[in-house]
Every structure is written in structure tokens, then in C-alpha cells.
Amino acid sequence: MTIQVFGLPVARGIAIGKAVLVASSRLDVDHYFIDADQVEAEIGRLREARDLVARELESLKQAMPGDAPPELGALLDVHLMLLHDESLTSATKQWIRDRHYNAEWALSAQLEVLARQFDEMDDDYLRERKADIEQVVERLLRALARGGSSALAAATRKPIQQDWGGEEPLVLIANDIAPADMLQFKQSVFKGFVTDVGGKTSHTAIVARSMDIPAVVGAREASRLIRQDDWVIIDGDAGVVIVDPSPIVLEEYRFRQRQSELERERLARLRHTPSVTLDGEAVELLANIELPQDAPAALRAGAAGVGLFRSEFLFMNRDGELPGEDEQFEAYRAAVQAMDGLPVTIRTVDIGADKPLDRMSLSELRHEHTLNPALGLRAIRWSLSEPAMFRMQLRAILRASAYGKVRLLIPMLAHASEIRQTFEALARAKQQLRDAGTPFADVEVGAMIEVPAAALTIPLFVRHFDFVSLGTNDLIQYTLAIDRADESVSYLYDPWHPAVLRLIHDTIRAARQAGKGVSVCGEMAGDPSFTPLLLAMGLRSFSMHPSQIAAVKQRILRSDTAKLAQMLDAALACDDPQECYRPFMGEAAQLH
Ligand code: PEP
Ligand code: MG
């Protein structure tokens with residue numbers, strides 16, 4: 001039966017594929033494809049793990065003291081029985097044979113299927129057996145980890161970076177994916193993503209968007225309603241997920257998919273076209289990246305440089321061990337060299353809020369932190385609370401500046417004292433490098449304007465910094481008091497709110513009047529529906545995911561900034577967001 005699930009559109013286009021359900025708690029399980037000739041070896045790994053767990057359970061039973069409650073022995077028997085149950089063993093082997101999943105992935109895929117069956121049982125006793133099967137799978141995963149990957153598989157493993165040999169496209173469905181976990185799915189085999197939770201500008205959504213494949217977040221019930229292997233259509237334009245579509249619906253979406261691919265190909269031809277408006281205003285289009293490996297995509301899209309390198313992704317999922325100075329330096333240098341002389345703006349770590357250092361999903365964050373992490377020890381606050389760590393990062397960034405044009409960007413500043421401490425730390429880092437005779441070049445320093453307090457005291461920032469970059473994702477969150485990662489209030493997350501527009505406008509104007517560079521690097525910059533408005537406000541530098549550059553450029557090529565500027569006063573004076581929007585949509589329509 002066809003069902004539709006509604007969520008928030010995150011990344012454009014249509015994806016059609018078979019659902020791969022991944023539980024949030026299992027996202028750190030290895031997911032990779034094996035070659036056809038490795039299937040038997042992989043099944044062998046699974047068998048060894050099963051024998052190991054069986055021996056463990058047997059010896060636990062033997063070692064049980066005589067006065068142990070009898071239920072304990074019965075429980076171990078249940079676990080032993082489940083371990084050998086066909087529904088777990090045969091079906092898991094089937095995932096390995098048919099899909100070429102590695103053993104860990106096959107096990108977690110099968111666990112999803114079984115967990116669903118248990119959930120649907122009427123009998124309370126049987127329903128509770130779900131916990132047992134989870135424990136057995138947990139033991140098996142641990143046994144597999146102890147055994148390591150098979151030598152052959154390890155040597156030729158195809159992480160998710162390669163296309164699998166199968167014919168059917170796959171789409172990933174999860175309750176929640178932490179930003180760091182999302183990273184491991186970059187350039188993956190998956191043709192689309194759906195998550196139950198998350199707002200449009202949550203960091204999970206941002207990483208999904210950077211992958212340039214259709215995605216829907218905040219789809220609430222999706223992972224409960226969709227089953228392993230269901231056919232799914234993800235409409236990333238409308239934020240709709242269609243499960244088990246009829247042949248007619250499928251055909252309609254295949255047609256739309258082809259149309260949208262043609263449109264992409266057409267847009268890609270703009271790559272070498274200079275980004276200049278109808279009235280001759282040049283507009284700089286920069287890229288947002290998460291890892292140095294993203295730099296080639298930025299170049300391919302025709303970016304004029306990197307406007308935001310979110311360095312915190314280098315710091316995540318390291319079990320408490322943060323990257324040292326040399327490791328960071330190598331990563332920054334790699335990005336700088338990959339950009340081949342174009343500027344690279346490296347933002348110091350923005351850890352905290354929905355980007356914890358440890359792997360943690362949004363749901364876990366919500367449960368673990370009763371206080372509000374978005375208002376807590378985040379970004380520059382975290383860096384200033386870890387002065388040695390901060391100086392180490394500054395030294396690593398400065399060292400990379402000897403290999404190309406580097407700009408330093410500081411997130412989430414609000415206080416004059418933070419500005420002072422930041423420059424003190426920078427001066428000390430430079431002195432340490434000079435003392436050691438380590439070369440570095442002149443580096444421009446910029447401030448992210450993403451807290452309303454900073455936007456309202458913008459003269460202070462343009463006095464101290466060489467440039468400012470508007471982080472509209474957070475600016476909107478903090479101005480409207482809407483958690484950007486919370487889908488339940490996402491309907492109130494409104495970039496067109498007059499308060500937001502005024503803060504953006506005043507920041508751009510103040511920076512331009514002071515002769516300082518100003519850019520927008522929040523998601524607004526990559527959304528072509530905001531391009532006319534931002535141009536009208538005087539913005540001439542936009543930083544976005546590489547995949548968005550062509551669409552924004554197309555809007556720029558069709559815009560007349562002088563005409564747009566005339567409509568700005570009306571937009572800024574109106575109270576109703578819908579009304580503010582209209583004059584700019586009129587302009588867009590008129591230009592099409
Ligand atoms: C922003 O807040 O707009 C921004 C670019 O930073 P991040 O999304 O990483 O918080
Ligand atoms: Mg931000």
C-alpha cells in the first residue's frame with residue numbers, strides 16, 4: 001500500500017531506491033560492500049563470530065553459581081537459541097550474498113527487520129524478546145570486531161565511497177544521523193536520505209546537502225513506517241517521501257527525475273561563466289566545505305575559493321583524542337593546496353550544540369542535556385575555555401598559510417572580551433611560531449556574525465576584524481529563539497522575519513561602509529530564492545555548498561542590482577514575512 005510521509009526538504013531532486021534502514025545506534029557499525037568473490041569469506045567471518053558467541057554463552061552458563069536465579073540460565077538458553085535461529089542466521093547471510101553487505105552491516109540490517117516484527121507482536125512477552133535479539137546481535141558485532149575484518153575484505157573493502165555492483169539504487173532511512181556519522185556517508189552509494197528528526201539547517205541537514213543528493217529531514221515517522229527493502233521515492237524539492245509507490249506514480253517521478261537531471265546538466269554549463277549581474281556587478285561565489293577532500297568539488301563547481309571550512313569535523317568521533325597540531329596542519333594545508341592559489345577561509349572549531357565531540361545523535365543529545373546546548377559552551381566559547389587547544393589550532397592554521405592564501409574565521413563571537421582574548425591568543429600563537437622559526441604568512445582575520453548581539457554591535461566587529469561573515473543559520477536561530485535542529489518548531493524558523501532581515505541588512509551596510517569584506521555563509525547564501533534580496537542589500541560575496549553555486553549564479557546573471565535595491569526599502573519596512581517576500585518574487589518572475 002502506498003503511503004506518503006511529509007518532512008522538510010533539504011537537498012533538491014528526486015531519488016528512487018530501495019530502503020536501507022539503519023538504526024541511529026548502529027551508525028558507527030562499518031558499512032561497506034564486499035566483492036562477489038569475498039562473499040564466502042565474509043560468511044565465514046559471521047560463522048566464526050557466531051561460534052565465538054556460542055562458546056561465550058556456554059561458558060557463562062557453566063560458570064553460573066548454583067544459587068543463581070533459574071531465570072538467568074533460561075535467558076542464556078534463549079540467547080543461544082536466537083543465535084542459531086534461521087531468522088537471524090540465514091537472513092543475515094542472504095544480505096551478504098544478495099547485497100554484498102559486509103557482515104556487520106548485514107547483521108544490523110537483519111536486526112532492523114526482526115526488531116520491527118517484534119514491535120508488531122500483540123503478545124507482551126514476545127514483544128519484549130526484542131531486547132534479547134538486540135543483545136545477541138550486540139555480542140555478534142563485538143565478536144566480529146575482535147576478529148577484525150577479513151584480510152581480503154580489509155584490503156579491498158569498498159566503503160561507501162564506491163558504487164556497489166548491484167542494480168537497484170539504495171536510499172538510507174534513519175531515525176536520526178549525527179553530523180559526524182553523516183560524514184561517513186559522503187560520496188556513498190546511497191542515492192538519497194530520510195531522517196525522522198532534524199531541522200532544515202541542522203548540521204545533519206547541512207552535511208546531507210553537501211552530498212548533493214535528495215534528502216528529507218524531520219519526517220517524524222519515516223523510519224517506523226518504512227521497512228527494509230521497501231521501494232521509496234524521496235522528493236527533495238517538496239519534502240515528501242512516497243513509500244511503495246504505484247507504477248503510475250513511479251513513472252511520473254522517473255520523468256521528473258530525468259527533468260531535474262537535465263536541469264542540472266544545463267546549470268553545470270555555467271561553471272566558467274563569470275558571476276556578474278545584468279548591471280555589471282561582480283559577485284564572488286565561494287564554497288563551504290567540511291573536509292579537505294571536499295575541495296576538488298568546490299573547484300569543479302567554479303568556486304572562487306572556500307568561504308567556510310568547518311574545521312570541527314576534523315575533531316569529531318575521535319574517542320576523546322583530539323587532532324594534534326601536525327595532523328591539523330596537514331589537513332589545512334591539503335585544503336589550501338587543493339584550492340590551488342584560491343583563498344581558503346578556515347573557521348576555528350565550532351564544537352557544541354548539535355555538533356558534540358563524541359558521536360551522539362540529536363535524540364541522544366536531547367535526552368542527555370537537559371540544559372540548552374545551543375546556548376552553552378560552543379564555538380569560540382569552547383576554544384577560549386581550552387586555551388592550549390585554541391593556540392594549537394591557530395598555529396596549525398597559520399602554518400598552512402605558508403602554502404597559499406589562508407583566512408581565519410572565528411565563530412559565535414558576541415563580547416568585546418572574546419574579541420580581545422582571541423587576538424591575544426593569535427598574537428601568542430604567532431610568537432610561538434616565530435620563536436620556533438616556523439614560517440607563516442599574513443592572515444586576514446574575520447568574525448562570524450551569528451549572534452544578534454554581534455549584529456547589533458557591528459561597528460565593534462568591523463573595527464577589529466578584516467572581514468565579517470554572516471552565519472545566518474545561527475543568526476536566525478538565536479534571533480527567533482528557534483532551535484535550528486528541532487523539527488517540531490521548524491515552521492517558525494523564518495529567514496524572512498523582519499527582525500532577521502534588519503540584522504542582515506545592517507551588518508552588510510556597516511561592513512561595506514567601513515570598507516570591510518562581508519559575506520554570507522549560512523544556508524541562505526545557497527538558496528536562490530534569497531539571492532535577489534541579498535543582492536539588494538549590497539551583498540557581493542556568497543559562500544555555499546559547491547552543488548548550489550550554479551543555481552545561485554543563474555539567479556545572479558538574471559538580476560539587476562539597481563532595480564532590486566529600489567525594492568529593498570519596502571521589504572524592510574513591512575511587518576509580514578509573506579509581504580516582504582513578494583516584491584522579490586515579482587522581480588524573479590519578471591526576470592525569468
Ligand atoms: C551559520 O550559523 O550560519 C554557519 C554558517 O555556521 P554553522 O552552520 O556551522 O553553525
Ligand atoms: Mg553557526
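What is the relative accessible area of glycine 192? In this predicted model, glycine 192 has a relative accessible area of 0% and is buried (buried means under 20%, exposed over 50% and partly exposed in between, with a 1.4 Å probe and protein chains only).

## Reading the model

Residues are numbered from 1 along each chain as its sequence is written, while chains are lettered from A and ligands numbered from 1 in the order in which they are written. Because this is a predicted model, local features need pLDDT of at least 70 and side-chain atom pairs count only at pLDDT 80 or more, while totals for chains, interfaces and linings use all residues; side-chain values use heavy atoms, with hydrogens and water left out.

## Glycine 192 and its strand

Glycine 192 belongs to strand β5, which covers residues 190–195 (strands are DSSP runs of E with at least two residues, helices are runs of H or I with at least four, and both are numbered from the N terminus). If you step along the chain from glycine 192 to leucine 170, you cross 22 residues, yet their C-alpha atoms are separated by 7.6 Å.

## The magnesium site

Which residues hold the magnesium ion, ligand 2? The protein donors are Glu450, through OE, and Asp474, through OD, at 2.0 to 2.1 Å from the ion (donors are N, O and S atoms within 2.8 Å of the metal, or 3.2 Å for Na, K and Ca; water is not among the atoms, so the site may look incomplete). Glutamate 450 sits in the loop between β13 (444–449) and α18 (452–456), and aspartate 474 in helix α20 (residues 472–480), so the two donors tie together parts that are 24 residues apart in sequence.

Are these two donors buried or exposed? Glutamate 450 is buried at 2% relative accessibility, and aspartate 474 is buried with a relative accessible area of 2%.

## Around ligand 1

Seventeen residues surround ligand 1, and Arg310, Arg347, Gly471, Asn473 and Arg484 come nearest (a residue counts as near if one of its heavy atoms lies within 4 Å). Three elements, α9 (203–210), β10 (306–310) and α20, each supply at least two residues of the shell. The element that gives the most is α20, with three residues.

Some polar contacts are worth a look in your viewer (a polar contact is a pair of N or O atoms within 3.5 Å). An N or O atom in the side chain of arginine 310 lies 2.8 Å from an oxygen atom of ligand 1. For the side chain of aspartate 474, the corresponding distance to an oxygen atom of ligand 1 is 2.9 Å; aspartate 474 is also one of the magnesium donors. Glycine 471 takes part through a polar backbone atom, 3.4 Å from an oxygen atom of ligand 1. Taken alone, ligand 1 exposes 290 Å², and the protein buries 100% of that (accessible areas come from the Shrake-Rupley method with a 1.4 Å probe; for residues, only the protein chains shown count as cover).

## Two positive phi angles

Most residues other than glycine have a negative phi. Aspartate 229 has a positive phi near 80 degrees. Its place is the loop between α10 (222–225) and β7 (231–235), where aspartate 229 is partly exposed, with a relative accessible area of 28%.

Alanine 379 also has a positive phi, about 50 degrees, although it is not a glycine. Where is alanine 379? You will find alanine 379 in helix α15, residues 379–385, and it is buried, with a relative accessible area of 0%.

## Loops and a covered helix

Leucine 492 lies in the loop between α20 and α21 (498–513) and is partly exposed at 41% relative accessibility. Between leucine 492 and glutamine 477 there are 9.7 Å from C-alpha to C-alpha, with their positions 15 residues apart in sequence. Another loop residue, aspartate 67, lies between α1 (39–62) and α2 (70–84) and is exposed at 70% relative accessibility. Aspartate 67 and arginine 484 are 417 residues apart along the chain, with their C-alpha atoms separated by 54 Å.

Proline 546 is in the loop between β16 (541–544) and α23 (549–557), and at 13% relative accessibility it counts as buried. How many of the nine residues of α23 are buried? Eight of them are, so α23 is mostly covered; among the buried residues are Ile549, Lys553 and Arg555.

Technical notes
A polar contact is a pair of N or O atoms within 3.5 Å; within protein, one must be able to donate a hydrogen and the other to accept it, and residues adjacent in sequence count only if both atoms are side-chain atoms.
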